[in-house]
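Trainee: I've got the model open and some time to spare. Could you walk me through it?

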Amino acid sequence: MIALPFLDPHDPFELFPPLSQAFDEPNGLLAAGGCLSSQRLINAYRHGVFPWFSEGEPILWWSPDPRLVLFPEKLYISTRLAKTLRQHKFDVTTNQAFESVIEHCAKLRVNAEGTWISEDIKQAYSQLHKEGVAHSFEAWREGELVGGLYGIALGKLFFGESMFHLQRDASKVAFVHCVNQLKSQGFALIDCQVYSEHLASLGAEEISRAEFSQLLTIYCSKE
């Protein structure tokens with residue numbers, strides 16, 4: 001059995017192993033350890049890797065195969081969602097409540113999937129937001145934050161991290177707002193990481209890790 005590589009927590013520039021070395025089971029597990037510094041996280045996303053771990057575990061780094069992505073021009077809006085958008089039930093904003101969005105996402109995961117959005121994750125991505133790398137998209141109803149998502153923008157590729165909703169369709173409206181804004185800015189791809197029916201219903205599709213890596217090379221520049 002191949003041992004899982006452990007990264008140096010003091011070297012944020014250390015290279016990740018080749019994606020071809022990621023485990024088949026659990027799907028995409030590539031490495032452990034390291035740190036959550038801004039440079040380490042940016043290097044990870046540029047390499048096609050993201051962190052995902054529970055409280056008390058070492059940091060785990062993943063690059064699943066296949067990869068769920070959305071090409072902005074393939075965004076699918078159902079008849080019901082189109083009606084909701086026409087009714088303007090929600091006000092939408094960008095980067096107005098980043099820390100509140102990630103806090104809501106963390107609470108949702110506690111109830112549904114475990115506590116993978118830990119305090120360390122919150123602090124790391126909040127720092128990336130301060131540096132202009134992480135962004136949030138919000139949906140409001142009568143002044144209350146009721147839906148949103150956050151992620152990382154590098155080059156012309158947006159890496160979606162997590163989303164939440166407190167009212168029906170709020171996260172979908174925030175997502176449509178996100179896609180439309182990214183599309184207007186020339187973004188070519190939105191990384192959705194792993195399959196979910198929620199995102200598939202909005203047009204997300206699975207591609208191979210090899211194809212995703214090729215798209216990274218094209219669109220995820222170091223500028």
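Mentor: Sure, and keep in mind that this is a predicted model. Let's begin with a strand pairing: in β2, Ala-32 is the bridge partner of Phe-6.

Trainee: In which sense do β1 and β2 pair, and over how many bridges?

Mentor: The Phe-6 and Ala-32 partnership gives you a spot to start looking. Follow the two strands from there, and β1 and β2 turn out to be parallel, with a bridge count of 2.

Trainee: And β2 with β4, is that parallel or antiparallel?

Mentor: Look at Ala-31, which stands opposite Trp-61 in β4. Over 3 bridges, the sense of the β2 and β4 pairing is antiparallel.

Trainee: How many residues of β2 are buried?

Mentor: Buried here means under 20% relative accessible area. β2 is mostly covered by that cut-off, and its buried residues number 5 of 5.

Trainee: On to α1, then. Why call that helix largely enclosed by the rest of the structure?

Mentor: Go through residues 38-47 and pick out the buried ones. They are Ser-38, Arg-40, Leu-41, Ile-42, Asn-43, Ala-44 and Tyr-45. Helix α1 is largely enclosed because the buried share is 7 of its 10 residues.

Trainee: Which residue just after α1 has a positive phi?

Mentor: Step off the end of the helix and check the backbone there. With phi at about 85 degrees, the residue you want is Gly-48.

Trainee: Arg-40 is on your buried list. Which residue does Arg-40 form a salt bridge with?

Mentor: The closest N and O atoms of that pair are 3.8 Å apart, which fits within the 4 Å cut-off. The partner of Arg-40 is Glu-14. That pair links distant parts of the chain, with Arg-40 in helix α1 and Glu-14 in the loop between β1 and β2, at a separation of 26 residues.

Trainee: Is Glu-14 buried or partly exposed?

Mentor: Arg-40 has a relative accessible area of 0%, so it is buried. Glu-14 has 24%, so it counts as partly exposed.

Trainee: What about Asp-191 and Arg-67, how far apart in sequence are they?

Mentor: Their side chains meet in a salt bridge, at 2.9 Å from N to O. Asp-191 sits in strand β10 and Arg-67 in strand β5, so the bridge ties together parts whose separation in sequence is 124 residues.

Trainee: Is Arg-67 buried or exposed?

Mentor: Asp-191 first: a relative accessible area of 0% makes that residue buried. For Arg-67 the value is 1%, so the verdict is buried.

Trainee: Which residues are joined into one network by salt bridges that share partners?

Mentor: Start from Lys-122 and Glu-103, whose side chains meet in a salt bridge at 3.1 Å, N to O. Lys-122 is in helix α4 and Glu-103 in helix α3, so parts 19 residues apart in sequence are tied together. Lys-122 counts as buried at 11% relative accessibility, while Glu-103 is partly exposed at 31%. Shared partners make one network of Glu-103, Glu-119 and Lys-122.

Trainee: How many salt bridges does the structure hold?

Mentor: The ones we've gone through include Arg-40 with Glu-14 and Asp-191 with Arg-67. For the structure, the count is 6.

Trainee: Which residues gather in the patch of positive charge on the surface?

Mentor: Take Arg-168 as your way in, in the loop between β9 and α5. Arg-168 counts as exposed because its relative accessibility is 62%. The patch is made up of Lys-83, Arg-86, Lys-89, Arg-141 and Arg-168.

Trainee: Which residue is joined to Pro-66 by a cis peptide bond?

Mentor: Most peptide bonds are trans, so a cis one is worth a look. Glu-25 and Pro-26 share a cis bond with omega about -5 degrees, and Pro-26 lies in the loop between β1 and β2. Pro-66 is in the loop between β4 and β5; with omega about 10 degrees, its cis partner is Asp-65.

Trainee: What is the phi of Glu-142?

Mentor: Asn-95, in the loop between β6 and α3, is not a glycine yet has a positive phi of about 60 degrees. Glu-142 lies in the loop between β7 and β8 and is exposed, at 80% relative accessible area. Though not a glycine, Glu-142 has a positive phi of about 55 degrees.

Conventions
Residues numbered from 1 in each chain as written. Predicted model: local features only at pLDDT ≥ 70, side-chain atom pairs only at ≥ 80, totals over all residues. Heavy atoms only, no water. Buried < 20%, exposed > 50% of the residue type's maximum accessible area, 1.4 Å probe, protein only. Helix = DSSP H or I, 4+ residues; strand = E, 2+ residues; numbered from the N terminus. Patch = residues over 30% accessible without salt bridge, like charges linked within 9 Å, V, L, I, M, F, W, Y side chains within 5 Å. Areas by Shrake-Rupley, 256 points an atom, 1.4 Å probe, with all protein chains shown as cover. Lys, Arg positive; Asp, Glu negative; His and termini not counted. Charge placed at Lys NZ, Arg CZ, Asp CG, Glu CD. Pairing = 2+ DSSP bridges.
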